[in-house]
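Biologist: Please show me the model. Then take my questions one at a time.

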Amino acid sequence: MPTELPTTPPTMLLISVQELAEVDACLAGGADLVDIKDPSRGPLGRPAAEQVRAITDRVGGARPVTVAAGDLGELPAAGLAAWADDAGARFVKLGLPTAGEQSTLAGLSAVRAALDQKTALAPVLYADLLPEPPPLSLLQSLRQAADASWLVVDTADKSGRPLNAIWSRQQITQLLSDAADAGMRVALAGRLGLAGLASLRRLAPAVLGVRGAVCVGGRTGKIDAALVSTVAALVCAGPAAARVPSEKT
Ligand SMILES: O=C[C@H](O)COP(=O)(O)O
């Protein structure tokens, strides 16, 4: 996700790819942002560093690239930073299964401190693991701990309800407002289908992210360019103009 944005940006479409062969379909279909993850390893499955390097090379700067880094605690902070360096990841998304706990904020700070300063860190909240959307105070704490410009909302259970069935439009509208007050832009994801995307698009989030909806054979299947096109037409007018991608400002 870019960290330099126009004043009133359109909603951008993020597509999560799992392998090199999916990159062309993702770009041809009109994705604005290319996200790399290993969906077989969980909602934010951390891909192998060499896979990240290969996919990033294939994107070749045509789009900003983000990378899923698994969940907080899966690796020690130093190990996560070493993986990010090895992968050349310049924008990592880190899942927080226990977002409200003090130890989570401490862990997030440790990861931030370990990562290269040029690597942006986006905390990821799992809507289905929270009783309700986070209050402003928690958003402010997350922003501070991660020095984050972006907040990602996703779902942990990839056979469960989509984000738009977990939180109401009113709750998501409030979250977007609170995140802006906390100084973060928001990417919304989590089993979003066409109806969910159309509904959430009207709330004008900075980014809508999908994988399952653009795959043939489910989220561990293969991305289909025609499905990406359909979703892109729904979410945005077309690929975003070239913007400085992933480096932290
Ligand atoms: O970041 C976006 C996610 O990859 C969303 O995946 P999903 O649409 O399969 O829930």
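**Barrel, ligand shell and annotated lysines**

Modeller: Lys93 lies in strand S4 (residues 91–96); strands (E, at least two residues) and helices (H or I, at least four) are DSSP runs, numbered from the N terminus. This is a predicted model: local features need pLDDT of at least 70, side-chain atom pairs count only at pLDDT 80 or more, and totals for chains, interfaces and linings use all residues. Residues are numbered from 1 along each chain as its sequence is written.

Biologist: Is Lys93 buried or exposed?

Modeller: The test counts other C-beta atoms, placed from the backbone, within 10 Å of the residue's own: 20 or more is buried, 12 or fewer is exposed, and in between is partly exposed. Lys93 has 30. Therefore Lys93 is buried.

Biologist: Which residue does UniProt list with Lys93 for "active site"?

Modeller: The listing comes from an unreviewed UniProt entry. Positions follow the numbering used here, feature names are shortened, and annotations may be inferred rather than shown by experiment. Beside Lys93, the entry lists Lys37.

Biologist: Why do they gather at one spot?

Modeller: Lys37 and Lys93 are the listed pair. They span 57 residues in sequence. They still gather at one spot, because no two of their C-alpha atoms are more than 9.9 Å apart.

Biologist: Where is the place of Lys37?

Modeller: Lys37 counts as buried, because it has 25 C-beta neighbours inside 10 Å. Its contacts (C-beta atoms, placed from the backbone, within 7 Å) include Ser16, Gln18 and Leu44, not counting residues up to four places away in sequence. Its place is the loop between S2 and helix H2 (49–59).

Biologist: In what order do the eight strands close into a barrel?

Modeller: Strands pair if DSSP finds at least two bridges between them. Four bridges join S1 (residues 12–17) to S2 (residues 33–36), and four join S1 to S8. The pairing is parallel, and the order is S1-S2-S3-S4-S5-S6-S7-S8.

Biologist: What is the bridge partner of Met12 in S8?

Modeller: S7 (residues 185–188) and S8 run parallel, joined by two bridges. There, Ala187 has Val207 as its partner. For Met12, the partner in S8 is also Val207.

Biologist: Which residues come nearest to the ligand?

Modeller: The shell has 16 residues, each with its C-beta atom, placed from the backbone, within 6 Å. S1 and S8 (207–210) each supply at least two of them. Those that come nearest are Ser16, Ala189, Gly209, Arg211 and Gly212.

Conventions
Contact = placed C-beta atoms within 7 Å.
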